Number of protein chains: 2
Amino acid sequence: MAALSTADHELHVRRLGLDTQHEAVVLMRDDCPVCRSEGFTAHARIRLTSASRSIIATLYQVSGTFLGHNEAGLSEAAWRRLGVVDGETISASHPRPIGSLSKVRGKVYGERLDASALTEIVTDIVGGRYSDIHLSSFITACSARPLDLDEMIALTGAMTDAGDRLSWDAWPVVDKHSVGGLPGNRTTPIVVAIVAARGLTMPKTSSRAITSPAGTADAMETLAPVNLDIPAMRRVVEHAGGCIVWGGAVHLSPADDTLIRVERALDLDSEGQLVASVLSKKIAAGSTHVVLDLPVGPTAKVRSDGAAAVLSESLTAVAEAFGLKTRILVSDGRQPVGRGIGPALEARDVLAVLQTLPDAPADLRERAVTLAGALLELGGAAGEGEGRAEAMATLRDGRAWATFQRICEAQGGMREPPRSFHRRPVPARRSGIVTGIDNRRLAQVAKLAGAPDDKAAGVELHVHLDTRVEAGEPLYTVHAETPGELDYSLAYVAANGDIVEISGD
Amino acid sequence: MAALSTADHELHVRRLGLDTQHEAVVLMRDDCPVCRSEGFTAHARIRLTSASRSIIATLYQVSGTFLGHNEAGLSEAAWRRLGVVDGETISASHPRPIGSLSKVRGKVYGERLDASALTEIVTDIVGGRYSDIHLSSFITACSARPLDLDEMIALTGAMTDAGDRLSWDAWPVVDKHSVGGLPGNRTTPIVVAIVAARGLTMPKTSSRAITSPAGTADAMETLAPVNLDIPAMRRVVEHAGGCIVWGGAVHLSPADDTLIRVERALDLDSEGQLVASVLSKKIAAGSTHVVLDLPVGPTAKVRSDGAAAVLSESLTAVAEAFGLKTRILVSDGRQPVGRGIGPALEARDVLAVLQTLPDAPADLRERAVTLAGALLELGGAAGEGEGRAEAMATLRDGRAWATFQRICEAQGGMREPPRSFHRRPVPARRSGIVTGIDNRRLAQVAKLAGAPDDKAAGVELHVHLDTRVEAGEPLYTVHAETPGELDYSLAYVAANGDIVEISGD
């Protein structure tokens, strides 16, 4: 149809500031000449071509005067991918069929996906050629027709190849990853500090929160800048042996970001996609030795020890195919870790552990030391069975804290996490033993109080499972930056029964 | 969260005239108080509550001044479902989880869907609670884990129960359905006329084009009004024994319309969903005897005789479970039927057959008479093996034509299909035998010429497979209402090689 791009079919682009996440969306009038002559209908996938680029976008049609006859309103994703400026003209046409969708259909009907099919699919996903409907179908098909080992290896390779790839002069290059986060489980800054202090190289990229009250990058940002590009990240790692930066500036496995959002909407975690998601980022980051933490619990991603065993086997086998050494730790995933939930509150827990303060949360320290110990052993910096003790020693004698400060300075300067202006404790309604904590609703309380955008907002938990409390004693304190957010969060608490369950005497 | 709907969280609705098809979409500023306090992120599913109703919509966020801080821009689907007027206030909150999605996930992992699960799923789909991502997952799961007979029956029942249901005093009530239309295959008006002339009751509802150049309702509308409500439809059927009206005013299986659009985007036709789609509409329409036409061909929906046999068995068994008598005809689906492609051009073919004109398209007459004959036998109006001859006699002696005119008058008055103002023949580039006709691209030529919105626009085909043509002889004529559309359509013809293939001498 390119032959038909006459002046009649030119459209002036207009930036709508519309955030549709990864999906490119274009708005046109239903009575515009292009829609009429091309026979476009609402929800059609159409090809937009600017002077320099061509993308596929989902069409929504509008009636009325909100857009002109020759205007194309673009979502942010479409605007970015097309690389246009305001008022520039583009043309619109029917796209060629997306070849790799026939491979997805094949998988739906039980065919295996080989490496070339998965490369095609991942290339089309990264190129923005799949709509949400197509992404959902691919994810569902990989759950209904589980990927075998060869397919997992091929998908991991395709996802790795679709993005940037880092390489390091050092060897080994270590990393850690926790599958299915628990609120407050902020071990990464501690682990990096310990293993870097012992001479291992750990160039860590972390994510920001998408639906949680804080990601590692959000918490770390209250302690030091995290928006570093690759050259800046290299300088930090050369200077301090490790870093904790935001992965958003580094496109290590761009297909993963797109897939994860749709997986979340579906609440589907296929083993194959989980393995490829985790390992493609590690391989692309240039890691050689990786410790993987699998928390098991009723509200964690991995629900049983049996499921953890199956997943461990796949992770290990796929990692081996790429020459990546792994060690897998299965941990308790029944409740939040530490005390803070929210960026600054979690950062304070991290500081307390690194500074070996007497009231530092013991569970967070225990997890961090276990993970760091496994990494020390795996990376050859400690003998087998001695990693945990070595890690604890590195923490206790202040080497980890010194290394952490060096990392923060190298990233742009260490800073003090902000404190909230408005706080209110939520008291126990009865005396007894804590028998349950609703992770999901507690995270919601933190979000309603402003986290992660308001860095100081969140929840400070004063109890854990099996703690004995008296009626009226505070169970947790809500932190907010404005009185309105505090009230709003507490209204949710009042309307939502016992988020911390207490069994009576 | 209803307890939290304070004035802070009220939004003024604004109608955007945005056609997103079935999906309810709401636009809000990313910095609006509701998004901040609720922690809504782009693409979240959120609950909107007006004075009278509550719906779930997909959130897109906008930056800049296009919306006010307290405005919620609504798509047409959201506007309709919420039942609001401009400037009315609504509130927004987190929705409760959609319970039936866990049933979809169960199906993904291989669990069977029982009747109550399918009822829940279909109810949520009709209630607009599924996003496109969820719909795609359900459709994919039903293809990857094919529905067994009990599941097909349960899905058919759930889809039937989700909409309106017609009942008739007459018995039998007959209907016909063609699975996977071929361009020009416009037998319905002829079939209704023949069987109604022979005393059977045939209250036919038909669709408009979605992606084709004409639906039966579009073609019929050039001959008589088709926008009848149920009481008007009843009057026509009582007076004339049959009708051919637009099904859009009658909600016989509302889940089907939603599912079909996503199935089309995925190009997935699971047998179970096809069976439920076809039969739920027939059962809801009050039909008792149905003839189903399965065209088989490389570009038809059913690709082989084997596939037709499997599908026939399921259709028959599910129909039987609802007391519906069926007869299935397998037909040739390799090329367009008749000569006209486009509303008025197809209507003219129908008229030529009904008026027994000497140049009426023989293939269209043959198909219509075969289907009508099967219905006469199935409905007890002709002896076994005598239906076809009886149908032909009813056509030849003018009874069908008289009945058709009576139906048109009862629907609001018969009229003459419009004629195009601008036509141009496309000549054969060489002499030889027609060996192939690209249905898909020929339909595209008709759409570019203006069909179905421009009723007179389309393509008039002068050849079929195996026709001998001389170089320069017209293969087909493009009809348009404006010179611009004619040129545009012909530019597509010029750019797209031989749509009609001719093998040289």
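**View 1. A:Y60 and B:Y60 at the meeting of two chains.** Both A:Y60 and B:Y60 are buried, where buried stands for under 20% relative accessible area, exposed for over 50% and partly exposed for values in between (1.4 Å probe, protein chains only). In this predicted model, local features need pLDDT of at least 70 and side-chain atom pairs count only at pLDDT 80 or more, whereas totals for chains, interfaces and linings use all residues. Residues are numbered from 1 along each chain as its sequence is written, chains are lettered from A in the order in which they are written, and side-chain values use heavy atoms, with hydrogens and water left out. A:Y60 and B:Y60 form a stacked aromatic pair, 6.4 Å centre to centre with 25° between the planes. Rings of Phe, Tyr and Trp (its six-membered ring) pair if their centres lie within 6.5 Å; planes under 30 degrees apart count as stacked, over 60 as edge-to-face and the rest as tilted. The pair joins two chains, because A:Y60 lies in strand β4 (residues 54-62) of chain A and B:Y60 in strand β4 (residues 54-62) of chain B. Helices (H or I, at least four residues) and strands (E, at least two) are DSSP runs, numbered from the N terminus.

**View 2. A stacked pair within helix α16 of chain A.** The ring centres of A:W401 and A:F404 are 6.5 Å apart and their planes stand at 20°, so this pair is stacked. Both residues belong to helix α16 (residues 399-411) and are three residues apart, about one turn of the helix. A:F404 has 0% relative accessibility and therefore counts as buried. Over all chains, the count of aromatic pairs comes to two.

**View 3. Charged ends over tryptophan rings in chain B.** The charged end of B:R208 sits over the ring of B:W246, 4.8 Å from its centre. B:R234 has its charged end over the ring of B:W168, 4.8 Å from the ring centre. A charge sits over a ring if NZ of Lys or CZ of Arg is within 6 Å of the ring centre and within 35 degrees of the ring normal.

**View 4. Surroundings of B:F138.** Leaving aside neighbours within four places in sequence, B:F138 is in contact (heavy atoms within 4.5 Å) with residues including B:V104, B:L113, B:L155 and B:Q273.

**View 5. Confidence along chain A.** The mean pLDDT (the predictor's confidence in each residue, from 0 to 100) of chain A is 91, and 98% of its residues reach 70 or more. Over residues 1-7 of chain A the pLDDT is below 50.
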